[in-house]
Amino acid sequence: MKGPLSTPVPPAPQDEHGPAGGGGRVSIQTAFLDPVLLELPWHLPLEQWPDDVLVAFPRGLSRHVVRFARAGEKVVAIKETVPHYARHEYATLRRLQRMGAPSVVPDSVVTDRFTPEGEALPAALVTDHLSFSLPYRAIFSAGPSAQTVILLVDALASLIVQMHLSGFYWGDVSLSNTLFRRDAGAFAAYLVDAETGEIHPALSRGQREYDIELARTNVAGEIMDLLAGAAEEGHELEDPIDPFEVSDRLVASYTSLWSELMDEESFSMDERWRVVERVRRLNELGFDVEEASMDTVDGRIRLRPQVVEPGHHTRRLQRLTGLRTHENQARRLLTDIDQLGQTLYPGLPDDLVAQLWMREVFSPIMEAVTPPMRRKLEPAEIVHEVLEHRWFMSERAGKDVPTLAAVEDYVASQLAQRPDEREIF
């Protein structure tokens, strides 16, 4: 179904927790026609929804009432707000999805909500729950870690760059408005709140600077709040965390990455190799150059990337194996594929090596992990961690440890102790 559809629900007799709550109507604007949405108790304020409907996922801080609920086979996040903002955010998230930006998937906008007594209720924005994602506070449930804070801030800086490249002005950048997925020892960040966002053909320097300065202020405040909560709960920090140094790192990471992606370079004609070098650096950062300008003036070359696209390693891995991963996961798995080719199959084309790697490495690892354990982490993250675990076991043993032995030890000693991150209760 293309495009949104407004679906009015006619009055009908209902039980206490049935759709539209004992009569009345509700309107649902959606691009995904699924009647299961009609079964949710829209006649009740979100804070009063019954436990048999809700799912106890961890939530970030929000000025709105936000709850998670089961809608058939999937889990959705529901946020109460005014109709204008709900429609605006829904439309913005839809556009971001079409652009391939890392953000949550919008499901629907629910308006014309009334209690059985006829009292008007707020509109609701419904988005799909992002599996294996965590709000930043859930990551620090056992107390703040300086190294993890740095990883989150770097992931947020990368997300802001990607959004700005897409022409998206966020207007409310913060850790609370972001979800994080594990990404081979780092994190991948996703936008979860676009209420104040705007999409433009391109952003001005002023718009970008306002976003990043707001991020600096918000992140410093969030880290201070996190540290205060940790102190109240008696968590001791292994390393000191300075909220202002953290927020300064966010700005520095953003500025450095933006400069590498967008700055113009000038060099002499006998340094033409620097064109290839610039592309290689961007590829290492995880970006492809889709379009660039290259001019010659007074015997010098001026090079400026004009369109850069994130996901260099992700696209290469998907092309070779069909796997959909985050960028660092793809980088790690591609390294293992390349090592397999160099060691056992020198001279074999990359696509054939990748197929052999899927058969000899990826599939045996995932088959050795029982279905309940696969809910702990995404498949690519499990494979990455097994490969890291095998390396450490081999280093301790002074010899190569078989992969299946590493899987067995990893599952028993590490994975079994982890929470289910596909759906955290």
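L54 stands opposite A69 in strand β4, and that pairing is a handy way into this predicted model. Local features here need pLDDT of at least 70 and side-chain atom pairs count only at pLDDT 80 or more, while totals for chains, interfaces and linings use all residues. Residues are numbered from 1 along each chain as its sequence is written, and side-chain values use heavy atoms, with hydrogens and water left out.

**Around β4**

Helices (H or I, at least four residues) and strands (E, at least two) are DSSP runs, numbered from the N terminus; two strands pair if DSSP finds at least two bridges between them. The table lists some of those pairings.

| Strands | Sense | Bridges | One facing pair |
|---|---|---|---|
| β3 (54-55) and β4 | antiparallel | 2 bridges | L54 and A69 |
| β4 and β5 (74-81) | antiparallel | 6 bridges | A71 and K74 |
| β14 and β16 (300-310) | antiparallel | 4 bridges | S266 and R302 |

Since 5 of the 6 residues of β4 (66-71) are buried (under 20% relative accessible area, 1.4 Å probe, protein chains only), the strand is largely enclosed by the rest of the structure. The β4–β5 hairpin has 2 residues between its strands, and G72 there takes a positive phi near 70°.

**Two cores**

A nonpolar core is a set of buried Ala, Val, Leu, Ile, Met, Phe, Trp, Tyr and Cys residues joined through side-chain atoms within 4.5 Å. The largest one has 57 residues, and L156, I160, F180 and L250 make the most contacts inside it. α3 (146-165) is the top contributor, giving 11 residues. Leaving aside residues up to four places away in sequence, F180 touches, among others, F132, Y136, L152, L156 and F187, where contact means heavy atoms within 4.5 Å. A second, separate core of 28 residues includes L323, A330, M358 and L415.

**Helix α9**

M358 turns up again in α9, at the centre of a kink of about 40°; the bend at a residue is the angle between axes fitted to the seven residues ending there and the seven starting there. The helix (350-368) has 19 residues and reaches 26 Å from first to last C-alpha, close to the 27 Å expected at 1.5 Å a residue, counting one less than its number of residues. Its buried residues, including W357 and F362, pack against α7, α8, α10 and α11.

**The open sheet**

Three strands line up as β14-β16-β15, with antiparallel pairing. β14 (265-268) and β15 (287-297) are at the edges with a single partner strand each, so one side of each lacks a neighbour in the sheet.

Key:
Buried means under 20% relative accessible area, exposed over 50%, partly exposed in between (1.4 Å probe, protein chains only).
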